[in-house]
Amino acid sequence: MKRTTSAIALVAASILGLTACGGGSDPLTAETTAAATGGGGEPIVVGGANFSESTLLAEIYAGALRAKGVEASTKLNIGSREIYLRALEDNSVQVFPEYTGALALYYDKTFTGTDADEVFAHVQKVLPDTLTVLDKSAAEDNDSIVVTAETASSKNLKTIEDLKAVAGDLALAAPPEFKERPQGIPGLESTYGVVFGSFRPLTGQGIVQALKNGQVGAANIFSTDPAIAANGFVALEDTKRLFGSQNIVPLVRADRAEEVKETLNAVSAKLTTESIAGMLKQTDIDKADPKTVAEEFLTTNGLG
Amino acid sequence: MTWLGDNWRTVLDLAVSHLYLAGVPLVIGLVLALPLGWAAKRWAGAYPVIITGTGLLYTIPSLALFVMMPLLLGTKILDPVNVLVAMTIYTVALLVRTVADGLRAVPDHVEQAATAMGYRGLRRLFGVELPLALPVIAAGLRVAAVSNVSIVSVASVVGVSQLGDLLVDGYNRVIWGELLTGILACVLLALLLDLVIQAGTRALTPWVRAQGGRP
Amino acid sequence: MIPSLISWLTDPASWSGEDGIPTRLLEHLGYTLLTVVLAAVVAIPLGLWVGHTGRARWLVSLTNSVRAVPTLGLLFAVSLLLGPRISGELAFLVPSIVVLVILAIPPILAGTYAGIEAVSPAVRDAARGVGMTGWQVVRSVEVPNGMPLLLSGIRSAVLQVVATATIAALVGLGGLGRYLIDGIALGDYPRAAGGALLVAVLAVVLDGVLALVQRRVVSPGLTAGARSGRQGRGGSRGGPAGLAGGGRRGGVSGSGKDSADEMVEGERFVGETRAPL
């Protein structure tokens, strides 16, 4: 009898203990929390998607906010746009690094503009009332269709248009979303008449590996990805601007925009495509910690 | 491994989250599985229904359950509660059968002797049947623990932070130190839970050692 | 959500083409069969050997600790390792199958070992007394007696592979996991739910088929013994007769040695190894 009472006590105690642990400080929300240095206001959570650039930008935004006394933390690796948009809407995150073109298309599938300012204006128009965008950065990160140096030379490829003749024999590796996004497979067909032989849905590194190891003939890789340079890949020119303009821009909850506007606009002013590509090389090729690289960027640019 | 040396703090944080997400459902799942398992044993007609029912829950892929939770619970999309509830469902599905079978394995004559001595109902359950069924239940709990640790790592795909993050990032940036650390940390965590449950079982079943249960 | 799920399932477009349900189902079934066969080819002889000779029991404990390895991690690691070494389409198949096989070996090995080990020493003695050679003992006595647990091991392996193969879609594998992964990436939740449902259905169907196989293959003498075994044996565990080895263990409790021993505690939960992924 004694044993069983102690058994029950053990179980009960552990439940209480574990729930108490959980209830107190949730180890799962903020990954990094800086001490609030009188910035006032509630904490800001900056979200990031599941690719290096998004992580880097999230760390940059969060670091800049922290430097101005805001209690900022990051929530990284949020899988898909659908998921993190919901996170913005239910206030799990308040800031998210985004891309003008992708946003415009997400909220308006019929949009075909390609000029940077045009796209930006359209984004502001089609965003729901709960969200807003701050100033856009000159830095861009577009989708691109990439082939190996070997393929480019053997098939004489310089622009996406050149793929028209040979795409039927090639497999394309891309994130699953690419298949159905208007700028993805459908766009390739309608704008360039390019139809690939087959489609391989993969994630992040899988895409680079598949292209590198020759399991696919072409891949959809982001233009700032250091893997392109590191592997001698060739990004085919988007002569018809299918992939439009993709300026980096902070997507923010409308009710928190005032608090972060000044800080993040200053960041956007300093971001350039080259600096991002350089930073990504540090995180992805040199395997540096994104937080450290972000801090360095901020200090160098007088933002941290 | 230099990567671990530089990042052990992060690994520790993630490990704590992982332990929380894998461990709490074990406790809650066990508590929920006890009455269900008992009901399955008590009423022979209920057994196939309960067992098949929970068995079906078991076949749902974890990723699907993680994603469906916000829709079912009305929680926020990134809320770790989604993972907790999903893992509890799996634990219950696994343990109900173990509890039922453990209780069934208590020989009838032992039950009858206990009844004859005056143990009835709950008292008999907690005083006689559960202790005797403990080894079987504990074995099931060990399987559930190891299983949970592995499944929770998948939650990184939906943005819930734990050791799985090391796997995803290690793969995405091809950092072998990180990837291997993630794998090793999960294995160690699973083994840790396994040992804790084993130790707990040993502590709660002293009669096994007294009987010289080891062959 | 349910209505959109139903509309996805009933949409003829979902049933045609290379992403259609029949194709993905067959792919998934194919991966499962391939994996289980490969795993059985390794695990069953190994389990028979360990169970029959009683040597190298540490092998069973070792393979059981393999279950602790996170599937996701193993998939990523093996993909990175093997990717550069395999060309063409196979590069998406082989790493995943390798991982699935590695993870399917423990339950089959545990089941085989437990089944053989649980054969009562008296029965084994009798067999030798009758003049059977070691090999004959294995074939005519141990395997038939160990069938329930062996088949339980296979059933749990099948369940596990069906579920785990869905995750492999992350590194390029086809099958029903595609609906899950692509659905989540696209925010197409009816598709993801549909994929999950199909996986569950496939798992249940396969388990049912194997249950039928079990009924045909397992000697009726074993199942009959189970019923009487539950009543009478003092201090034994009862349950399927494959556990009659309770005589060696003494008492209801397991000796708590290694998880393989615990596996003997029930074909019931040799039937539950890892939860589905």
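In which helix of chain B is the place of B:Val152? I looked this up before anything else, and found B:Val152 in helix 6 of chain B, residues 121-152, where helices (H or I, at least four residues) and strands (E, at least two) are DSSP runs numbered from the N terminus.

Before going on I noted that residues are numbered from 1 along each chain as its sequence is written, with chains lettered from A and ligands numbered from 1 in the order in which they are written. I also noted that this is a predicted model, in which local features need pLDDT of at least 70 and side-chain atom pairs count only at pLDDT 80 or more, while totals for chains, interfaces and linings use all residues.

**B:Val152.** I then asked why B:Val152 counts as buried. B:Val152 is buried because 30 other C-beta atoms lie within 10 Å; the term buried needs 20 or more such atoms within 10 Å, exposed means 12 or fewer, and partly exposed lies in between, with C-beta atoms placed from the backbone. Leaving out residues up to four places away in sequence, I listed what B:Val152 touches, including B:His18, B:Leu21, B:Val83 and B:Gln162, a contact being two C-beta atoms, placed from the backbone, within 7 Å. B:Leu130 is 22 residues from B:Val152 in sequence, and their C-alpha atoms are 29 Å apart in space.

**Chain A.** I checked the confidence here, pLDDT being the predictor's own confidence in each residue, from 0 to 100. The mean for chain A is 85, and 87% of its residues reach 70 or more, but pLDDT stays under 50 over residues 16-39 of chain A. Where pLDDT is low, the predicted coordinates should not be read in detail.

Turning to the neighbouring chain, I found 16 residues of chain A in contact with 17 residues of chain C. On the chain A side, strand 7 (198-201) and helix 8 (204-212) each supply at least two of the residues that touch chain C. Helix 8 of chain A is mostly covered, with eight of its nine residues buried, among them A:Ile207, A:Val208 and A:Leu211. Just after helix 8, A:Gly214 takes a positive phi of about 80°.

**Chain C.** I recorded 13 helices and zero strands in chain C, and buried residues make up 56% of its 277 residues. Helix 2 of chain C, residues 21-53, has 33 residues, and C:Gly54, which follows this helix, has a positive phi near 70°.

Terms used
The expected span of a helix is 1.5 Å times one less than its number of residues.
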